[in-house]
Amino acid sequence: MSALKIGDRIPNFTLPSANGEKINIEDFIGKKSLVIYFYPKDDTPGCTAESCAFRDSYEVFTDAGAEVIGISGDSPQSHQQFAQKYNLPFILLSDQGNKVRKLFGVPSTLFILPGRVTYVIDKEGIVKHIFDSMLDFKAHVDEAIKTIQSM
């Protein structure tokens with residue numbers, strides 16, 4: 001499958017969350033806008049900075065009727081420790097084997113590191129904005145806020 005583009009509908013998927021609960025993305029469609037961010041690895045400097053930036057702006061997203069979901073290939077246990085350590089209030093999903101990352105078409109960086117891409121999705125499940133930057137962690141949050149507030 002090729003990479004998702006603006007205007008595409010997101011694929012349906014179910015992944016385990018930090019507490020092991022299975023989360024089906026279709027449960028959000030029709031109810032909330034979504035900010036789904038793919039990141040390389042729990043507890044690494046860049047991913048921690050990005051996740052904490054989403055945490056610090058979480059209320060802005062929820063006030064705008066959006067849910068934030070972080071996805072990486074780490075295990076649910078790793079996500080649970082990461083969320084507790086940094087008081088992350090949003091959902092972290094475990095994509096072991098990177099199946100959902102591939103469904104979205106998130107590119108790898110230098111062919112080895114899983115990419116860092118944020119998708120802003122409207123209530124109908126349509127991609128409204130895509131931001132791809134491995135190093136500008138805070139911009140993922142800023143771009144997502146701008147898009148959510150303009151929808």
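Here a biologist and a modeller talk through aromatic pairs and nonpolar cores in a predicted model.

Biologist: How many aromatic pairs are there by the ring-centre rule?

Modeller: Happy to start there! Rings pair if their centres lie within 6.5 Å. By this rule, the number of aromatic pairs is eleven.

Biologist: Is the pair of Y58 and F90 stacked, edge-to-face or tilted, and which is its class by angle?

Modeller: The two ring centres are 6.0 Å apart, with 45° between the planes. Planes under 30 degrees apart count as stacked and over 60 as edge-to-face. The angle of 45° fits neither range, so the pair is tilted.

Biologist: How many residues apart are Y58 and F90?

Modeller: Y58 sits in helix α2 (residues 58-63). F90 belongs to the loop between α3 (76-86) and β5 (91-94). The pair therefore links distant parts of the chain, and the separation is 32 residues.

Biologist: And is Y58 buried or exposed?

Modeller: The cut-off for buried is under 20% relative accessible area. Y58 has a relative accessibility of 16%, so Y58 counts as buried.

Biologist: Which class does the pair of F104 and Y119 fall in?

Modeller: Their centres lie 5.0 Å apart and their planes make an angle of 65°. Planes over 60 degrees apart take the pair out of the tilted class. The pair is edge-to-face.

Biologist: Which elements give two or more residues to the largest nonpolar core?

Modeller: That core has 22 residues, and F104 and Y119 are among those touching the most other members. The elements giving two or more residues are β3 (33-38), β4 (66-72), β5, α4 and β8.

Technical notes
Residues are numbered from 1 along each chain as its sequence is written. This is a predicted model: local features need pLDDT of at least 70, side-chain atom pairs count only at pLDDT 80 or more; totals for chains, interfaces and linings use all residues. Side-chain values use heavy atoms; hydrogens and water are left out. Helices (H or I, at least four residues) and strands (E, at least two) are DSSP runs, numbered from the N terminus. Buried means under 20% relative accessible area, exposed over 50%, partly exposed in between (1.4 Å probe, protein chains only). A nonpolar core is a set of buried Ala, Val, Leu, Ile, Met, Phe, Trp, Tyr and Cys residues joined through side-chain atoms within 4.5 Å.
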